[in-house]
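Reader: I am new to protein structures. Could you take me through this one step by step?

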Amino acid sequence: LNYDVYATFRGNNVYMFMPCTADVTDITLTLLTKDGSDKDKLENLDLSNGKTMPVKVKGTEHTLSAMQSTLPTLSFMINEEWGTIEAMNFDPAHDVKCFGDVRLDVLPELENEETGWVGFVSKENDEKKKGTMEIKGRGNSTWSTEPGVKRPYQFKVEKKTDILGMGKHKTWIILKNDEQIVRNKLGLDLAGMIGLEYSGKSEFVDVFMNGEYLGNYLLCEKVEVGDNRVEISNLDDEFEDNGETTEGLDMTGGYLMEIDNWGGDELQIYHESSNTVLSVKSPEDLAKTVTADNEYGYIHGYMSKWLDAVHSDGVMEDGRSYLDYINVESFVRYFFHQEFLRNGDCGRGSTYMYKDKDSIDPLIYAGPVWDNDRIFEGINNTDGWLLSTINHAGTSSPTFYNVLNRREDFAK
């Protein structure tokens, strides 16, 4: 297989970051002029096993070497006729998408069909079409429009694909790995180990985009409703199958919700007395605003009354405890996961809950775990429970898990 990649310059060093299956004993180096035409070409270079060679660039001596890891390589081939990478990278709202194809390479000795560790190529042969993949930026605090920085992305393939044994799906996330290189991986893996249902799986990959090495990323599942993800009733699918009307639909579930720091297009339930913003992530195709009788009226009222009880005497309108409305074990597991990892963001954002239809399971569940890049922030604070000290950002209002941990009925 042939790979076209761009070199990376660091001082007088020139690094060729290579895909995992590239043959570094047979490299062709092409020096280009400013207009993109070939200037010089060096062929059959062997840069294996740490070998280097001198090369002149603009009259200055440089040292050329090849870098290669054993991690799977994820390569995006963007067709910039349908949207430029620059426009995507400088869009803070993540509305600009790029289109093209995607390829995953896995070392032959690591390939295993039983575990799903196999490479694949998703390629569109019709030049008139955009491609088999779309990609856009993602993230709030982790996103930057500054030039030359590493960015996280969300991509969607044309057909459901099982990537590295994580189950078939269309939409995937790649999180940037910098100083938090192991935090997100550790948080997701630990959630699965302690039995938090629907915890996302993840794998480290090296990422290239149009031949440019972007660095090491964490490829992971997106938190969303669907097979191999959060497997609850999909109201969006039911809504579509029902002629885009809610008449006759059981609107008691399923719902995927997030305590969120950031505004978005999804419905947001604002619980004023606790300063809690609860975003409804799914369903997302129904009405976007809340009225007394619209499609979101059920979940808005249900969660508002439940939060009222959590933040007061704990008693619901029907006289039962708020604990009777939740799967207590899932909330306990979630709490200890966040406390053990000293997550300074718990309850502020990326704090998920979900609820299925009453006829299937009427309880609210905690999870899945997401966004672990701030774990260990409270590692030096060993005086009591960290989660009992966290308030909503910029306020004196305690977060949901801060309040929950202080309740004697939950602590028991």
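Reader: Which residue in strand 17 stands opposite I269?

Author: This is a predicted model, and strand 16 is a good place to start. Strand 16 and strand 17 (residues 276-282) are antiparallel partners, with five bridges between them. Across from I269, in strand 17, stands L278.

Reader: What is the bridge partner of Q268 in strand 17?

Author: Q268 belongs to the uncovered face of strand 16, together with Y270. Its bridge partner in strand 17 is S279.

Reader: Which residues make up the covered face of strand 16?

Author: Strand 16 has two faces, one covered and one uncovered. Q268 and Y270 are on the uncovered one. The covered face holds L267, I269 and H271.

Reader: Which residue takes a positive phi in the hairpin of strand 16 and strand 17?

Author: This hairpin has four residues between its strands. The positive phi is near 60°. The residue that takes it is N275.

Reader: Which strands stand at the edges of the five-strand sheet?

Author: The sheet is open, its pairing is antiparallel, and its order is 16-17-15-18-19. An edge strand has a single partner, so one side of it is left without a neighbour in the sheet. That describes strand 16 (267-271) and strand 19.

Reader: How much does the twist average from one strand to the next in that sheet?

Author: The five strands run in the order 16-17-15-18-19. From one strand to the next, the twist averages 30°.

Reader: What angle does helix 4 make with strand 16?

Author: Helix 4 packs on this sheet. It touches strand 15 (255-259), strand 16, strand 17, strand 18 (351-355) and strand 19. Its direction and that of strand 16 make an angle of about 25°.

Reader: Which strands does helix 5 lie across?

Author: Helix 5 runs at about 20° to strand 19. The strands it lies across are strand 18 and strand 19.

Reader: Why does the pair of W306 and F331 tie together parts apart in sequence, and how many residues apart are they?

Author: W306 and F331 form a tilted aromatic pair, 6.1 Å centre to centre with 55° between the planes. W306 is in helix 4 (residues 297-310) and F331 is in helix 5, so the pair links two separate parts of the chain. In sequence, those parts are apart by 25 residues.

Reader: How many residues apart in sequence are the parts tied together by W306 and F400?

Author: W306 and F400 also make a tilted aromatic pair, with 5.5 Å centre to centre and 40° between the planes. W306 lies in helix 4 and F400 in helix 6 (residues 400-406), so these parts are tied together. The separation is 94 residues.

Reader: Is W306 buried or exposed?

Author: Buried means under 20% relative accessible area. W306 has 0% relative accessibility, so it falls under that cut-off. W306 is buried.

Reader: Which residues form one aromatic cluster with W306?

Author: W306 pairs with F331 and with F400. The cluster also takes in two tyrosines. Besides W306, its members are F331, Y334, F400 and Y401.

Reader: Which helix is among the elements that cover the buried residues of helix 2?

Author: In helix 2 (residues 183-193), the buried residues are N184, K185, G187, L188, L190 and A191. Their cover includes strand 12 (168-176), strand 13 (202-209) and strand 14 (212-221). It also includes helix 5 (328-340).

Reader: Is S48 buried or exposed?

Author: S48 sits in the loop between strand 4 and strand 5 (52-57). Its side chain has a polar contact of 2.7 Å with that of D46. S48 also touches V24 and T25, leaving aside residues up to four places away in sequence. Its relative accessible area is 10%, so S48 is buried.

Reader: Which strands are at the edges of the four-strand sheet?

Author: This open sheet has mixed pairing and the order 1-2-6-5. Each edge strand pairs on one side only. They are strand 1 (8-10) and strand 5.

Reader: Where in the chain is confidence lowest?

Author: The chain averages a pLDDT of 89, and 93% of its residues score at least 70. Confidence is highest in strand 19 (residues 364-366), at 98. It is lowest, at a mean of 81, in strand 4 (residues 38-45).

Conventions
Residues are numbered from 1 along each chain as its sequence is written. This is a predicted model: local features need pLDDT of at least 70, side-chain atom pairs count only at pLDDT 80 or more; totals for chains, interfaces and linings use all residues. Side-chain values use heavy atoms; hydrogens and water are left out. pLDDT is the predictor's confidence in each residue, from 0 to 100. Buried means under 20% relative accessible area, exposed over 50%, partly exposed in between (1.4 Å probe, protein chains only). A polar contact is a pair of N or O atoms within 3.5 Å; within protein, one must be able to donate a hydrogen and the other to accept it, and residues adjacent in sequence count only if both atoms are side-chain atoms. Contact means heavy atoms within 4.5 Å. Two strands pair if DSSP finds at least two bridges between them. Rings of Phe, Tyr and Trp (its six-membered ring) pair if their centres lie within 6.5 Å; planes under 30 degrees apart count as stacked, over 60 as edge-to-face and the rest as tilted. Axes are lines fitted to C-alpha atoms, for helices over the stretch in contact, and angles run from 0 to 180 degrees between N-to-C directions.
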